[in-house]
Amino acid sequence: MLKVKFLGIEFENPLVMPSGILQEVAAHYLAEKNGLGGITTKSMTMEPREGNPLPRVIKYESGILNSVGLRNPGIAKGVGEWEKFIKATRIPVLASVFAVKVADFVHLATEVEKIHPAMIELNLSCPNTVDELGQPLGMGVESTGAAVKAVRKALKPETKILAKLSPNVGNIGEVAKAAEAAGADAISAINTVGPGMVIDIKRKKPMLGNIVGGVSGPGIRPVAVRCVWDIYNSVKLPILGMGGVETANDVVEMMLAGATLVGVGSAWYRHGFGIYNQIKTDLEIYMKENKINNLQELVGGAHE
Ligand code: DHB
């Protein structure tokens, strides 16, 4: 039995599609079809965004780099599309929003609350829009606290808020503490590492249209595990842990570090959608072999 409970919400299994892996609304139906326990939507912003120049996603030997540039239809149009999706899908939907101004976060979260997602994820940390939009709020302890506090105040007490944190900070535990003190219900971590860059040596040009992009995939897993470990040590909130997870063993590792739910995204780009059912089968084998009745027994186990 792979069920886990997170903030009182039941997930059939701990695997969650992280934000941004699927982009158009129609593609999000693939998550339920392929056995995921939950799905996070591509971040919505105030205005529609076309996205960065192509190519936006490239592979390298230890993962992928992406610089989508928060392509999305904008909240005014997007919210109706997401409402239909939330009504139609059986698995919990985590609705992601992105802004660089506190007031915009409040507006986005208030609009999204009306369509009743299971949770609202505040993307405090997109690495690809810094020049254009300014520094993401999640890069600072105070700015993280200010964003979460304002959103918390605007929403109903029962609406669940997840703060998605960046690994690209000096002390992620301190950022998590600020989010907790400001009223976040849970932490999700990590967002992509970097930004990074890969150069095509034949063309002598950067591979990505945007030159730089966020790094994900197995190369960042040790960073993600350490961040989840630090967050677990710093706050009492439940954690949705992600970063480079590709196998059942990686899921177990992330749970031992402190995660209750585990995001698996880039692995799909590398290995196809079959990996979700493969991970679930292998998790069941792991549980049987290790006499584990409830996966939640593992959470934080490496700290004991
Ligand atoms: C994008 C957003 C992110 O939060 C991230 O980690 C990587 C890429 C984007 O849309 O460009």
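The following dialogue examines a predicted model, taking its strands, its ligand and some single residues in turn.

Student: In what order do the eight strands of the closed barrel run, and is their pairing parallel or antiparallel?
Tutor: The barrel is made of eight strands and is closed. Its neighbouring strands are turned by 25° against each other on average, direction ignored. The order is E3-E4-E7-E8-E9-E10-E15-E16, and the pairing is parallel.

Student: How many bridges join strand E7 to strand E8, and which residue is the bridge partner of Leu-94?
Tutor: Strand E7 covers residues 93–98 and strand E8 covers residues 119–123. These strands run parallel and are joined by five bridges. In E8, the bridge partner of Leu-94 is Met-119.

Student: Which strands are the edge strands of the open sheet of four strands?
Tutor: The open sheet has the order E5-E6-E14-E11, with antiparallel pairing. An edge strand of this sheet pairs on one side only. That description fits strand E5 (57–60) and strand E11 (193–196).

Student: By what angle are neighbouring strands of the open sheet turned against each other on average?
Tutor: The strands concerned are those in the order E5-E6-E14-E11. With direction ignored, the average turn between neighbours in this sheet is 30°.

Student: What is the bridge partner of Tyr-60 in E6?
Tutor: Strand E6 spans residues 63–66 and runs antiparallel to E5. Four bridges join E5 and E6. For Tyr-60, the bridge partner in E6 is Gly-63.

Student: Which residues place a polar side-chain atom 2.8 Å and 2.7 Å from an oxygen atom of the ligand?
Tutor: The residues surrounding the ligand include Lys-42, Val-68 and Thr-192. Val-68 is set aside here, as its polar atom, 3.1 Å from a ligand oxygen, belongs to the backbone. The side-chain distance of 2.8 Å belongs to Lys-42, and that of 2.7 Å belongs to Thr-192.

Student: How much of the accessible area of the ligand does the protein cover?
Tutor: Among the residues around the ligand are Asn-66, Ser-67, Gly-69, Asn-123 and Asn-191. The space that the ligand takes is the largest cavity. On its own the ligand has 290 Å² of accessible area, and the share covered by the protein is 93%.

Student: Where does Leu-70 lie, and what is its phi?
Tutor: Leu-70 is also one of the residues that surround the ligand. Its place is in the loop between E6 and helix H2 (75–88). Although Leu-70 is not a glycine, its phi is positive, at about 55°.

Student: Which residue precedes Pro-55 across a cis peptide bond, and where does Pro-55 lie?
Tutor: The cis bond has omega near -10° and runs to Pro-55 from Leu-54. Pro-55 itself is found in the loop between strand E4 (38–40) and E5.

Student: In which strand is Pro-195, and what is the omega of the cis peptide bond that joins it to Gly-194?
Tutor: Pro-195 has its place in strand E11, which is an edge strand of the open sheet. The bond joining Gly-194 and Pro-195 is cis, with an omega of about 10°.

Student: With which side chain does the side chain of Lys-114 make a polar contact?
Tutor: Lys-114 is in the loop between helix H3 (102–113) and E8. Ala-257 is 143 residues away along the chain, and the C-alpha atoms of these two residues are separated by 34 Å. The polar contact of the Lys-114 side chain, at 2.8 Å, is with the side chain of Glu-111.

Methods. Residues are numbered from 1 along each chain as its sequence is written. This is a predicted model: local features need pLDDT of at least 70, side-chain atom pairs count only at pLDDT 80 or more; totals for chains, interfaces and linings use all residues. Side-chain values use heavy atoms; hydrogens and water are left out. Two strands pair if DSSP finds at least two bridges between them. Helices (H or I, at least four residues) and strands (E, at least two) are DSSP runs, numbered from the N terminus. Axes are lines fitted to C-alpha atoms, for helices over the stretch in contact, and angles run from 0 to 180 degrees between N-to-C directions. A residue is near a molecule or strand if one of its heavy atoms lies within 4 Å of it. A polar contact is a pair of N or O atoms within 3.5 Å; within protein, one must be able to donate a hydrogen and the other to accept it, and residues adjacent in sequence count only if both atoms are side-chain atoms. Accessible areas come from the Shrake-Rupley method with a 1.4 Å probe; for residues, only the protein chains shown count as cover. On a 1 Å grid over the protein atoms alone, a cavity is a set of points where a 1.4 Å probe fits but cannot get out, and a pocket is an open set with protein on both sides within 12 Å along at least five of seven lines; lining residues have an atom within 4 Å of a point. A molecule sits in a cavity or pocket if more than half of its atoms lie within 2 Å of its grid points.
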